[in-house]
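Dear colleague,

I am passing on the structure we spoke about, and would be grateful if you could look through it alongside the notes below.

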Amino acid sequence: MQNHYRVVVIGGGIVGSSVLYHLARGGWTGIALIERAELTAGSTWHAAAGFHAINDDPNIAALQAYTIRLYRQIEAESGQSVGLHMPGGYSLATTPARWEWLQAQYAIHQTLGMEARLATADEIVADCPIVDPGGLLGGLFDPHEGAVDPHGATHAFAIAARRRGAEVVLRNRVLGLAAQPDGGWRLDTERGPVTAEHVVNAGGLWARRVGRMAGIDLPLTPMQHHYLVTTDLPELVARRDEMPCVTDLEGCTYLQQERKGVLLGVYERNPRHWKTAGAEWDYGMELLPEDIDRIGPELAMGFARFPALAQAGIRRWVNGAFTFTPDGNPLVGPVPGLRNFWAACGCMSGFSQGGAIGLVLANWIIEGDPGSDVFGMDVARYGAFACNDRYLCDTTAQFYARRFVIAYPNEELPAGRPLKTTPSHDAQAAAGARFGVVWGMETPQYFAPGEPGFVDAPTLRRSAAERLVAAEVAATRAAAGVLDTGVYARYEVAGPGAEAWLDLLLANRLPAPGRLRLAPMLAPSGRLMGDLTVTRLAADRFWLVGSYYLQEWHLRWFRDHLPRAGVTLENLSESWLGFSLSGPRSREVLAGVTREDVSNEALPFLACRRMDIGTGSAVVARVSLTGELGFEITVPAPRQRALWDALLRAGGESGLRPIGMRAQDSLRLEKGYGVWSLEFTASCTPSMCGLDRYVALDKGEFIGRDAARRDRETPSPQQLVLLAVEASDADATGYEPVFADGRRVGHVTSGAYGHHLRQSLALAYLERPLAEVPVPLTVTVVGERRAARILAEPPYDPRGLRLRA
């Protein structure tokens, strides 16, 4: 072992070995993996080691496909067998709702270019004769599902990394971590101290403990997971090929062939955590006692779906611990608040994601960019609130118990709630608000006034709440609507260097004092890092407004580029709150709560100023996401409740109505407005999504300027368009494929019913030639292809006159 390395990876499981390999493949030398025991000696050694490309986040699904493709390559490069078996796999539908859901999932597979197909019950039983056909309606076949040998795959990465010059140090526990003034790290190990420029936490079951050594907590925790392996089954002994894997989604079980028997795993609905703070340091290659009574209901369903198992013996039981995060995706990337400290942990699907984690983390460390949109696994998608043990246990248990449960677009889950509320929360609840949650913040989705017993049943189609959403849309279009803006993040940038720094950080031209502008923020690659609003309150004082759930992500970016002096940055997201007031009578409502002039001349479109609202001061900006005349009114948080009361009193005779996020979605789509995470993402360039008109290439240097110039000269092959979809009782929601003459030419980013226009709408990325010369299109909506057409301009107020009224 040397005394200094460029990178030290802590942890020798499948993820840590993959990170080491990808760093070495990227040309870096002076890199090492330090493992407390042996390679695989955490959760890797006992894993079922199955893999699949399916993930609720399509960006992660694409990365999982990379992992699967990598296995043959790493086997050839290392000379170590990875024990690859890829017979494909069926996901079973045994209820009409599940069959509908699988058809919708098949469409997403098409968007991602994945080879999958829908299968009949007869096809499934012919391919997998141990499946009981009772109640079986069909399934989805993924030809890239399978399993590897966990020992062989991990060692293959390590061997290939060694051949490229990396070092693997075994039986040497890291005892302590200390940040150094130069941004590097000191690692105290059992064999003595080591320094490193970068440290990667791939600690697996110990990752939370490793994080705490560095002074931070991470939202991950180990949970127990069972599977059993049977003796030989006659049905498998008799066949020459390997039987496909099978997942019985309603039965909460998965099955894969193991020699001539099978491995049956369960995701029980009554899960158990284990060592929430992480495994003890001396925990070895051990298993936990099986808890058959607790998983009995799921086992019974498994043995009913696969009755041949009743005739087999059980060769072994495995109850081992794996780490889980609240959403089941790993924690990857630079840890906010620490220099050169990287996460590669919380990975419960290591053999689906390990290769991808190694790829993106090596890209990030070497190039400063992960290479694709990886927000779904970015460690910065969580705030400190997610590390609270109660929150963490509640949300991880919810994820585990729902591993195979259908996720509906209108469903709001209960775990970890309520965590954060705005001061007006109780008043909004009394007005009938039904809440969702955004980064722990309770957020009104719609209002059901006078209907305390109303329940919006989960569905893939238009839900029962649509009549309530329609009323909110109608009120906003005819009179006024008021929306809680607690879902917005706010940052104040001030000081003598504020203007120069923001001019470098943002791609737009900065506004004059008292004005605001839409502000694309780019990475050096030219891809988006944000679609912010920049408000200039004074010559040297600005507000940036963005998405509430991106706070850690954006703050990491801001701080990475913040100069050492001359600029102060303050997060106001919890200390300043307010409401968006919009609609043709919104000025009338605003005038009812202030004595100041709020006419179009005094407060024109995209203007802002401080004014007295009621008994206090507020920042009022003339801006709206609904396409109507509108104002965003922001006050110190303790005054938000008083502002709510004042607005409702003033708007009583004007038809003012509280509205939720679902109404705003309907309203924005009628105007063709995109939003972050749907239309605007870290995989988009300005020319793709229409934000290029805000990029000021002639203003001087800014981050991403060269790439933005290339993007303008040679636009992206895809372009964002607004579609009218001939849907009946359902709308596109995202990632559905778009076809022209039977060929896939794009995908939907978001959709909703435009209640004012009485038209199903969707924003979508299409091949640019088709966007410029429209042709007949179809969009898959809940598994059915529906006719669609491109709308050349927004169908509601195309000239924007109402915004500027």
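The notes that follow start with conventions and then turn to a pocket, a helix, the nonpolar cores and two single residues.

Please keep in mind that this is a predicted model, in which local features need pLDDT of at least 70 and side-chain atom pairs count only at pLDDT 80 or more, while totals for chains, interfaces and linings use all residues. Residues are numbered from 1 along each chain as its sequence is written, and side-chain values use heavy atoms, with hydrogens and water left out.

The second largest pocket (on a 1 Å grid over the protein atoms alone, an open set of points where a 1.4 Å probe fits, with protein on both sides within 12 Å along at least five of seven lines) has a volume of about 850 Å³, taken as the space filled by probe spheres set on the points, which are joined across faces, edges and corners. Its lining (residues with an atom within 4 Å of a point) comprises 35 residues, and Pro334, Trp364, Arg556, Trp557 and Asp560 lie nearest the centre. These lining residues divide into 18 nonpolar, seven polar and 10 charged, where Asp, Glu, Lys and Arg count as charged, Ala, Val, Leu, Ile, Met, Phe, Trp, Tyr, Cys and Pro as nonpolar, and the others, Gly among them, as polar. At least two lining residues come from each of β18 (341–345), α9 (350–367), β24 (528–538) and α14 (551–561), and α14 gives the most, with seven; helices (H or I, at least four residues) and strands (E, at least two) are DSSP runs numbered from the N terminus.

In α9, 15 of the 18 residues are buried, that is, under 20% relative accessible area with a 1.4 Å probe and protein chains only, against over 50% for exposed and in between for partly exposed. Gly368, with a positive phi near 80 degrees, follows α9.

The largest nonpolar core (buried Ala, Val, Leu, Ile, Met, Phe, Trp, Tyr and Cys residues joined through side-chain atoms within 4.5 Å) has 99 residues, and Val19 is one of those that touch the most other members. Beyond its neighbours within four places in sequence, Val19 is in contact (heavy atoms within 4.5 Å) with residues including Val200, Ile357 and Leu361. Another core, apart from this one, holds 83 residues, among them Tyr382 and Leu763.

Gly183 sits in the loop between β9 (174–179) and β10 (185–189), and counts as buried because its relative accessibility is 4%. Ala470, in helix α12 (residues 466–478), counts as partly exposed because its relative accessibility is 25%.

With best wishes
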